[in-house]
Amino acid sequence: MLKTYRAAPSLRSHALNALLKLTSKQTPRTQATEARCRAYIDGMAKTNSQPYPSPTKLVGCPVEEDSACGMQTFTWGRRPGSGQQVLVYLHGGAYMNPPSPLHFKMAARIAREVGAMAVFPIYPKIPAHGWADTCPRLLALYQSLCAEHGADRITLMGDSSGGGLALGFAHYLADRGLPQPRQLMLICPWLDLHTDGEGMAAYEKTDPALSPWRLRIMGELWAGGRDEMSSPYVSPLFGDAARVAPITLLTGTREVLYPDALKFHRALERQGVAHRLYVFEGMSHAFPAFPIPEARIAQDLMIHLLKE
């Protein structure tokens, strides 16, 4: 199923795109710009080795913290014995950046409105780690949640790289014969680390933030090498979606990842795999997390779908 939201972008949305354009790193690929990109990635190793501060103020309620699964994990909204849903949120950031306050605020609002317990892991990232370090730790977390709540109460949700990780992890579960979560909720997901799909160049001209050549460098590090970039664990566009939980995607048309979302949708249609794709015209990457009116519409949609 594909549904398109057509409305003139708000003034706030236009202002956001202008700000993103001003602060983005969309420069042509040269030896100098690539060297700066790689130096920046290397510098993130120190940042990512530091513990993330408690998001209590961001989510507006008490937050539990533990590292039992080998990574810092925040949990809030727990109601023992209530049979509530569990929302596991995997944040975006090109597999390199820590979560932003916007990630926590969006996850908190959605979990609160749904009445779900939110689980927010700070998973290992490049340059020190890749998917092979992260998936076993996510598996330990997921199995502990399954034991306590049951897989049928768990939703895996993520934006951008976190959306790609959520779907890639579902393939990781399928290959091990483990139960799938109730559903997958993917926000502007990064589905193919190659970031070179047909038609992408046209969208690069209107995307105010993302740089495909930079994403390819980060994707290769996450995959563990160029030859590994087509694995469905890291590029789930190439996986068999019939083996994973029901999929819902939200995307905008003003981003370079939009063509791959459409490609994925068409592949699922050909395979007869039920899914839902919601396209918001004129919206940029990860727009549901930003303080714009269209984000509220997208969040309300996700809340409605999670309550079904």
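**Exercise 1.** Which element gives the most to the lining of the largest cavity, and with how many residues?

*Solution.* Let's begin with the ground rules. This is a predicted model, where local features need pLDDT of at least 70, side-chain atom pairs count only at pLDDT 80 or more, and totals for chains, interfaces and linings use all residues. Residues are numbered from 1 along each chain as its sequence is written, and side-chain values use heavy atoms, with hydrogens and water left out.

Step 1: learn the terms. On a 1 Å grid over the protein atoms alone, a cavity is a set of points where a 1.4 Å probe fits but cannot get out, and lining residues have an atom within 4 Å of a point. Helices (H or I, at least four residues) and strands (E, at least two) are DSSP runs, numbered from the N terminus.

Step 2: find the lining, made up of V88, L90, L138, L141, Y142, L145, L156 and F169.

Step 3: match residues to elements. β4 (86–90) and α5 (131–149) each supply at least two, and α5 gives the most, with four residues.

**Exercise 2.** Describe the second largest cavity by volume, lining and class.

*Solution.* Step 1: its volume (the space filled by probe spheres set on the points, which are joined across faces, edges and corners) is about 40 Å³.

Step 2: among its lining residues are Q85, I110, A111 and L306. Two or more residues come from each of β4 and α4 (101–114), and α4 has the largest share, three.

Step 3: sort by class. Ala, Val, Leu, Ile, Met, Phe, Trp, Tyr, Cys and Pro count as nonpolar, Asp, Glu, Lys and Arg as charged, and the others, Gly among them, as polar. This lining has seven nonpolar, one polar and no charged residues.

Terms used
1 Å grid on protein atoms, 1.4 Å probe; cavity = no way out; pocket = protein on both sides within 12 Å on 5 of 7 lines; lining within 4 Å.
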